[in-house]
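Work through the exercises below with the sequence and the structure at hand. Each task is followed by a solution in steps.

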Amino acid sequence: MKEANEPQETRVRALEIASLTRDFGEFHALKNISWSVDEGDWWGIIGPNGSGKSTLLHLLSGVDHPTSGNVLVYGKRVSSYGRKELSRLVAVLQQEGLPPVGYTVREVVEMGRFPHQDWFGREKVDKEKGMDPGIITDRVLERLDLTDLSDRSLDRLSGGQRQRVALAKVMVQEPQILLLDEPTTYLDLRYQLEFMELLAEWRRETGVTIISVLHDLNLTAQFCDDLLVLKDGMVEGLGASSELLTEERIRHVYGVEPVMLPHPDSGVPQLLLRRSARDVSGQGERLE
Ligand code: ADP
Ligand code: MG
């Protein structure tokens, strides 16, 4: 979290990219992206379908490689980390990020400890925190209200429960940076909000850095302090959500007619959509 009076040099840079590009053959999916993320920040990445959001997350997590430019994670090239070493730093949560069937909730959540285990699946007890790995899992299950479901098979869970399990798995992974790609897409309103609030609480407690791609701009504005706006693989805006979410930018990036209003609780920008002139006049004709 940003403290206004904190000197700039004391802040740790969790991620940094400069002049990053990713081409697929002749197609330029990402063009010249430069961006840095300080430890503890919560960024949202927004932009229309196909604007390059998932491609960018793949580069940040090291599963894909840029055509030019580098991704630095804590000052080191992402490609220079070993797989487990990187998994202790960066976790990824996707829309449907769980193995399909055949595992119980507890088994799946425990898989999150993999980066902390040796070849034999053993884990050293953390000397500093004195925390047994089993206790970490128990605590996270309890925290996410999954204790009673821990022996249940994944295929017998609702969408909201499955997404809580996916979150539990990345929480026991104890990463420094969490990347989320549209994690709330299949959740109803209540579970979307609950999911975001769990993330916010986790961030307050651990200082984890979060980068989330979310479809819902209103939730994005409520939770993400800063935004990277993408359109056609290019940066269309970078900075505080409250300043970037303007009617003009939304119109330009998404091609819709927005109305922005301040949220009555927090004052953050919230979006309403106007029906297009053609649609409304068509309706008028029918009504007359
Ligand atoms: P978003 O997540 O913003 O919807 P993506 O990052 O998935 O967009 O995709 C950006 C563009 O890159 C799209 O036009 C997509 O078709 C293209 N693209 C993504 N991955 C590949 C790939 N492996 N090969 C070819 N084109 C791809
Ligand atoms: Mg995507």
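The exercises concern a predicted model and treat its ligand site and two sheets.

**Exercise 1. The shell of ligand 1**

Task: Determine which residues surround ligand 1, and sort them by class.

Solution. Step one is to collect the residues with a heavy atom within 4 Å of the ligand. Ligand 1 is surrounded by F24, F27, A29, P48, N49, G50, S51, G52, K53, S54 and T55.

Step two is the sorting. The shell around ligand 1 holds 4 nonpolar, 6 polar and 1 charged residues.

Step three assigns the shell to secondary structure. At least two residues each come from β2 (27-38) and α1 (53-60). The most is given by α1, with 3 residues.

**Exercise 2. Polar neighbours and cover**

Task: Find how far an oxygen atom of ligand 1 lies from a polar atom of S51, of G52 and of T55.

Solution. A pair of N or O atoms counts as a polar contact within 3.5 Å. For S51, a backbone N or O atom is 3.2 Å from a ligand oxygen. For G52, a polar backbone atom lies 3.0 Å from an oxygen of the ligand. For T55, the side chain places an N or O atom 2.6 Å from a ligand oxygen. As for cover, ligand 1 has 560 Å² of accessible area on its own, of which the protein covers 56%.

**Exercise 3. The sheet of 4 strands**

Task: Give the strand order of the open sheet of 4 strands and find what α1 touches in this sheet.

Solution. The order is β2-β1-β4-β5, and the pairing is antiparallel. At the edges stand β2 and β5 (76-77), each pairing on one side only. Next, take one pair: β1 (residues 13-24) and β2 are antiparallel over 8 bridges. In this register, E16 is opposite S36 of β2. Finally, α1 packs on the sheet and touches β1, β2 and β4 (68-73). The direction of α1 makes about 125 degrees with that of β1.

**Exercise 4. The sheet of 6 strands**

Task: Which strands are the edges of the open sheet of 6 strands, and which helix packs on the sheet?

Solution. Start from the order, β6-β7-β8-β3-β9-β10, with mixed pairing. The edge strands are β6 (90-94) and β10 (234-240). Neighbouring strands are turned by 15 degrees against each other on average, direction ignored. One parallel pair is β7 (residues 177-181) with β8 (residues 209-213), over 5 bridges. There, D181 has V213 in β8 as its bridge partner. The packing helix is α9 (residues 247-254), which touches β3 (42-46), β9 (226-231) and β10. Its direction makes about 35 degrees with that of β9.

Technical notes: Residues are numbered from 1 along each chain as its sequence is written. Chains are lettered from A and ligands numbered from 1 in the order in which they are written. This is a predicted model: local features need pLDDT of at least 70, side-chain atom pairs count only at pLDDT 80 or more; totals for chains, interfaces and linings use all residues. Side-chain values use heavy atoms; hydrogens and water are left out. A polar contact is a pair of N or O atoms within 3.5 Å; within protein, one must be able to donate a hydrogen and the other to accept it, and residues adjacent in sequence count only if both atoms are side-chain atoms. Accessible areas come from the Shrake-Rupley method with a 1.4 Å probe; for residues, only the protein chains shown count as cover. Ala, Val, Leu, Ile, Met, Phe, Trp, Tyr, Cys and Pro count as nonpolar, Asp, Glu, Lys and Arg as charged, and the others, Gly among them, as polar. Two strands pair if DSSP finds at least two bridges between them. Contact means heavy atoms within 4.5 Å. Axes are lines fitted to C-alpha atoms, for helices over the stretch in contact, and angles run from 0 to 180 degrees between N-to-C directions.
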